[in-house]
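Dear colleague,

I am handing over the structure we spoke about, with the sequence alongside. My notes on what was found follow below.

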Amino acid sequence: MTTPKPISQSSLARPAVSNSLSVSPTATFHSPPASSSFMASLALRAAAKQLKPFSTEDIKILLLENVNQTGRDILSGQGYQVEFHKASLPEDQLIEKIRDVHVIGIRSKTKLTAKVLQEAKNLLVIGCFCIGTNQVDLDYAAKQGIAVFNSPFANSRSVAELVIAEIISLARQLGDRSNELHRGTWNKVSAKCWEVRGKTLGIVGYGHIGSQLSVLAEAMGMNVIYYDVVSLMAIGTARQVPTLEALLGEADFVTLHVPETPETKNMLGAKQFEQMKNGSYLINASRGTVVDIPALIKAMRAGKVAGAALDVYPNEPAGNGDYFTTDLNPWAEELRGLNNIILTPHIGGSTEEAQRAIGIEVADALVRYINQGVTLGSVNLPEVNMRQLTLDESNHARIIYIHRNVPGVLRRVNEILGDHNVDKQISDSKGDIAYLMADVSDVRPEDIKDIRDSLDGLSSRILTRVLY
Ligand SMILES: NC(=O)C1=CN([C@@H]2O[C@H](COP(=O)(O)OP(=O)(O)OC[C@H]3O[C@@H](n4cnc5c(N)ncnc54)[C@H](O)[C@@H]3O)[C@@H](O)[C@H]2O)C=CC1
Ligand SMILES: O=C(O)CCC(=O)C(=O)O
């Protein structure tokens, strides 16, 4: 038997990237860092002089929806108690579980509504291991002092690449030809099959995904136009158009990249399908509520829309299995019966690269928030940063006071902290909610209890945390 070699630094280093991609993808593709914050976070973890908030083993984390191993490792590595589930949970089970935990990690399926969150008495923070945060009642969470973090662009490229694949697949009716041949039918046709070169791609929502897609589509010789509610700099030779109607009247391919909001609900309905060019194509990898599916079915049957690719649906199952039926969405069978329609199970962001990067980015944000109270990147609380206390500062405590943003609060907080040596203090607000952090030195355990009790007694209080 041979003794395993210790892992050396050099064996962890990235091998040189080969120009040839002819070997297994797993051997040649490496996750690019999600952002420069990835390297910064590695450096932080290496250099951190740990601030011990309280025993990290007391922190209970519930991870749903198959959060990537990278995220699980970071959280377990902190000593937190991590419970992991592959799927999301039905509401009654979710309510049972959420009562007990300090942290929940989800992806797009788990609905954290006010009804669910009001049961989550110990919950400090929610990690959305994805881009979208529409599945969480963000305002309600903020009012309870629960921070929410996401990963704003680690899967954008994966979605853009999927859409590129779909544009060509729809133009060439690839899905239908492949299905026919799987059934044994040879059907060599060129009628109504097109090159994408010289065609116009209309991007609705020119954010992280829409703008990535713009670059890739131009590289294939497409003309790109886009519609967005804000005025945005065009990349390459893309061109912003003033209205959705203008985009629909000009585009051969329409692709949706807007968030789920009240304004985007049924953004593509009967009227908009009428405004599209005859024989154009629709792609939706945003949210299922953005397209009125019965109207799409009609437009496809009428030949107005020549093909569609859908990755998202108004109702999606909690886990994998034979669930894409009329029980879930009444029109499911009609949709499945159409020609030239690509139906994928919400896999836009499902690549190894994206999921690994998201796991790291969101887990790091959770650790920073739990251990240091730093809210950088939070989508519902003011973003407040303060350097980490070090072990040299052993008699220091970090006070975190989340409160309603009403007049006079800072005076009252400073009356409480005024008898102590406040080294640093920072405060910021977002709408009705404010977040204050103060580092206090030379405090004894009884001082800490007094400070906490006094802050808890203020009428503006939402949540007090003391990290020491
Ligand atoms: N299928 C999948 O697996 C994935 C789906 N998504 C979805 O894609 C959406 C877009 O993602 P990103 O590009 O990262 O978001 P983003 O926030 O970077 O860009 C969204 C753009 O839409 C624009 N917008 C918002 N409301 C609009 C409206 N009513 N009309 C026109 N434009 C509007 C915004 O101004 C912004 O430029 C996400 O919100 C998420 O729901 C994201 C990742 C993966
Ligand atoms: O991968 C997922 O579960 C969700 C992807 C998505 O829709 C998002 O990131 O918003």
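A residue is taken to be near a molecule if one of its heavy atoms lies within 4 Å of it. Please bear in mind that this is a predicted model.

On that basis, 25 residues surround ligand 1, and the closest are H208, I209, D228, A285 and D311. The residues of this shell divide into 12 nonpolar, 10 polar and three charged. Several backbone atoms come within polar-contact range of the ligand: an oxygen atom of ligand 1 lies 2.9 Å from a backbone N or O atom of I209, a nitrogen atom of ligand 1 is 3.1 Å from a polar backbone atom of A285, and a backbone N or O atom of G348 lies 3.3 Å from an oxygen atom of the ligand. Of the 860 Å² of accessible area that ligand 1 has on its own, the protein covers 85%.

Turning to the interior, the largest nonpolar core has 37 residues, and those with the most contacts inside it are L75, V125, L366, Y369, L381, I402 and Y435. Among the elements that each supply at least two residues of this core are the helices α4 (69–77) and α15 (352–372) and the strands β13 (397–404) and β15 (433–441), while the largest share, 10 residues, comes from α15.

Leaving aside its neighbours within four places in sequence, Y369 is in contact with residues including L124, V125, F149, L381, I402, Y435 and R465. Apart from this core lies another, of 32 residues, among them V241, A251, V254 and A308.

With best wishes

Notes. Residues are numbered from 1 along each chain as its sequence is written. Chains are lettered from A and ligands numbered from 1 in the order in which they are written. This is a predicted model: local features need pLDDT of at least 70, side-chain atom pairs count only at pLDDT 80 or more; totals for chains, interfaces and linings use all residues. Side-chain values use heavy atoms; hydrogens and water are left out. A nonpolar core is a set of buried Ala, Val, Leu, Ile, Met, Phe, Trp, Tyr and Cys residues joined through side-chain atoms within 4.5 Å. Buried means under 20% relative accessible area, exposed over 50%, partly exposed in between (1.4 Å probe, protein chains only). Helices (H or I, at least four residues) and strands (E, at least two) are DSSP runs, numbered from the N terminus. Contact means heavy atoms within 4.5 Å. A polar contact is a pair of N or O atoms within 3.5 Å; within protein, one must be able to donate a hydrogen and the other to accept it, and residues adjacent in sequence count only if both atoms are side-chain atoms. Accessible areas come from the Shrake-Rupley method with a 1.4 Å probe; for residues, only the protein chains shown count as cover. Ala, Val, Leu, Ile, Met, Phe, Trp, Tyr, Cys and Pro count as nonpolar, Asp, Glu, Lys and Arg as charged, and the others, Gly among them, as polar.
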